[in-house]
Number of protein chains: 4
Amino acid sequence: MAGSVNKVILVGNLGKDPEVRMSQAGAKIVSFTLATSDTWNDRASGERRERTEWHRVVIFNDRLADVAERFLRKGRQVYLEGSLQTRKWTDQGGQERYTTEVVLAAFRGELTLLDSRPDGETGGQYGAAPERRQAAPAYGNTGPVDEISF
Amino acid sequence: MAGSVNKVILVGNLGKDPEVRMSQAGAKIVSFTLATSDTWNDRASGERRERTEWHRVVIFNDRLADVAERFLRKGRQVYLEGSLQTRKWTDQGGQERYTTEVVLAAFRGELTLLDSRPDGETGGQYGAAPERRQAAPAYGNTGPVDEISF
Amino acid sequence: MAGSVNKVILVGNLGKDPEVRMSQAGAKIVSFTLATSDTWNDRASGERRERTEWHRVVIFNDRLADVAERFLRKGRQVYLEGSLQTRKWTDQGGQERYTTEVVLAAFRGELTLLDSRPDGETGGQYGAAPERRQAAPAYGNTGPVDEISF
Amino acid sequence: MAGSVNKVILVGNLGKDPEVRMSQAGAKIVSFTLATSDTWNDRASGERRERTEWHRVVIFNDRLADVAERFLRKGRQVYLEGSLQTRKWTDQGGQERYTTEVVLAAFRGELTLLDSRPDGETGGQYGAAPERRQAAPAYGNTGPVDEISF
DNA sequence: TTTT
DNA sequence: TTTT
């Protein structure tokens, strides 16, 4: 291919504290959902309308995963750059499903905190430490990382 | 929300000629899939690896839908800007499914042709006129447009 | 040219209240400077270093000029998209000079307020109404707008 | 600063072969000018108008400097991401001047070739090897690199 | 599930 | 001239 670009730029707010996991190889993986909101005037009704879009974000970049684990909490506003990736998985009924995620791959992507908070480590509304779980055994895992659930 | 951004920037090649449809309101809607390719060196094996990502693109912007219908053909390289939108639909088994698309909404988005071709309308590898179908009847349609299939 | 893109994306803080002017054609033009900050670890000294970059922003887009006039004030944090434009001017000594600006042209660009303030119109640190001046007579004006000074 | 973003995205064509220099520290620095073209309908005259914008690009990122040296030639179309940087210099008359550049800093930025050419090293319209000069002695240089001229 |  |  003669060169391609796959870039997503989001500014939004986290719906929950990020989830922190380890890959089988021992790398930290941080995931969360990010809300963006689009507002427009409906031309038919003339009403002001709003639509919230939820984005699944997964961070493989070590440095940014550390930043995310330490400073991101539910409600925080963040700027990020990643790329679109759709992965296939099989649901409990054996059906193929697809999920599209915004991925900050190793050595790639950007993450910038936009709202200044007193101290992301300690406090207040944003203070609950994000849950950390061991990676589940990866039976039949074909993706770049063990099953990520939101 | 204190301001949000939902932006996708892609440079890639069309997998097929675009599909042109009409909304119930009579607006032209153009959709296609776009391939981007990511290459990297696998750190474990040291091998050069490549992954092609397929993006579903839907254009509601009238002006850009016209450009897309006239000039985009299978294989053409294009730069575009849109926003991420995930819509819910129900499959034939009654199961809820989600599809994420890159949407160029009314009065929004960008579309730029990157490879110069003699004439998108007439010729060669890119010449087949894109299929145009009437919009299907919209039973139970809740999304912003009648079911879009790729 | 086979398609080109000229896009700037900035998130930063206004150095001063915006300046509002009118073009000869009666269109509102809003301009301001925006600070972005880059921090990095100096590899030689190991020290943490910071560099502030100042960007000249000019808004010709009517809708966004209105938003900027009403809500932007010194210190506010904003996300914007524009394009790079370098214009030539002649200094008092008759020397040719060049100034590069981030331009939000008519019907183009984006502007999103990122920090929520109680009320941009009334208050506090951000409250001073931006200065509004009549456009100066445009003798010898060759650019897209009468001389813009920061 | 509560997080900032300084990003430029360009798709354009090189005006000349790139110039390759070495910093005092022995790092390769590649610079060139890139043309983007904006076309619009003049609302007063109704005429189609076009404006070409020239951007000064400087690459400090080692990996991308290598790619640029090897593959970029006059006329080639490229996608790149960098950040805006304005540096001050003194002209021969002792006057302070400012030049704004699109900088791909160390470990940052993106560069993607968009038009496929048989072989950037050998051939045809794009074939002239880029000039390589030793860095000039850096008397009084205060910027991040010895004087860059286009 | 966020935010205004 | 901003911001942390």
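Buried area is the accessible area, taken with a 1.4 Å probe, that two parts lose on being put together, summed over both. In the predicted model discussed here, chain A and chain C bury about 420 Å² between them, and carbon and sulfur atoms account for 67% of that area.

## The interface of chain A and chain C

The contact between these two chains involves 5 residues of chain A and 5 residues of chain C. Three residues, Ile9(A), Gln77(A) and Leu114(A), supply 70% of the area that chain A buries against chain C, more than any other three residues. Two elements of chain A, strand S1 (5–14) and strand S5 (77–90), each supply at least two residues of the side that touches chain C. By class, the residues of that side of chain A divide into 4 nonpolar, 1 polar and no charged. No salt bridge is found across the interface of chain A and chain C, the count being 0. Polar contacts between chain A and chain C amount to 2 residue pairs, with both residues at pLDDT 80 or more.

Chain A is superposed on chain C by a rotation of 180° with 0.0 Å of shift along its axis, at an RMSD of 0.0 Å. The C-alpha of chain A nearest that axis belongs to Asp115(A), at 3.5 Å. The same surface serves both copies, since 100% of the contact residues of chain A recur in chain C.

## The interface of chain D and chain C

Chain D also meets chain C, with 34 residues of chain D in contact with 34 residues of chain C. The area buried between chain D and chain C is about 2,700 Å², of which 46% comes from carbon and sulfur atoms. The two interfaces of chain C are set side by side below.

| Interface | Buried area | Carbon and sulfur share |
|---|---|---|
| Chain A and chain C | about 420 Å² | 67% |
| Chain D and chain C | about 2,700 Å² | 46% |

There are 16 residue pairs in polar contact between chain D and chain C, both residues being at pLDDT 80 or more. On the side of chain D that touches chain C, the elements giving two or more residues are strand S1 (5–14), strand S3 (28–41), strand S4 (48–59), strand S5 (77–90) and strand S6 (96–104) of chain D. The largest share of that side, 8 residues, comes from S1(D). Sorted by class, the residues of the side of chain D that touches chain C are 13 nonpolar, 12 polar and 9 charged.

The rule finds 2 salt bridges across the interface of chain D and chain C. A salt bridge joins the side chains of Arg108(C) and Asp38(D), with an N to O distance of 3.7 Å.

Strand pairing also crosses this interface. Strand S1 (residues 5–14) of chain C and S1(D) run antiparallel and are joined by 7 bridges. Within this pairing, Val11(C) has Val5(D) in S1(D) as its bridge partner.

What rotation and shift superpose chain D on chain C? The operation is a rotation of 180° with 0.0 Å of shift along its axis, and the RMSD is 0.1 Å. That is the relation of a two-fold axis. Of the residues of chain D, Val8(D) comes closest to the rotation axis, its C-alpha lying at 2.2 Å. Because 100% of the interface residues of chain D are also interface residues in chain C, the copies meet through the same surface.

## A salt bridge between chain C and chain B

Over all chains, a search of the whole structure finds 50 salt bridges. One salt bridge is formed by Lys7(C) and Glu81(B), whose closest N and O atoms are 3.2 Å apart. Lys7(C) lies in strand S1 of chain C and Glu81(B) in strand S5 (residues 77–90) of chain B, so the pair joins two chains.

## Strand pairing within chain B

Strand S3 (residues 28–41) and strand S4 (residues 48–59) of chain B pair in the antiparallel sense over 12 bridges. In this pairing, the bridge partner of Phe32(B) is Val57(B) in S4(B). The hairpin of S3(B) and S4(B) has 6 residues between the strands, and Gly46(B) takes a positive phi near 75° there.

S4(B) also pairs with strand S6 (residues 96–104) of chain B, in the parallel sense over 3 bridges. Val57(B) has Val102(B) in S6(B) as a bridge partner. Val57(B) is thus bridged to Phe32(B) and to Val102(B).

Technical notes:
Residues numbered from 1 in each chain as written. Chains lettered and ligands numbered in written order. Heavy atoms only, no water. Contact = heavy atoms within 4.5 Å. Salt bridge = Lys/Arg side-chain N within 4 Å of Asp/Glu carboxyl O. Polar contact = N/O pair within 3.5 Å; in protein donor to acceptor, adjacent residues only side chain to side chain. Helix = DSSP H or I, 4+ residues; strand = E, 2+ residues; numbered from the N terminus. Nonpolar A, V, L, I, M, F, W, Y, C, P; charged D, E, K, R; others polar. Pairing = 2+ DSSP bridges. Least-squares fit on C-alpha atoms with pLDDT ≥ 70 in both.
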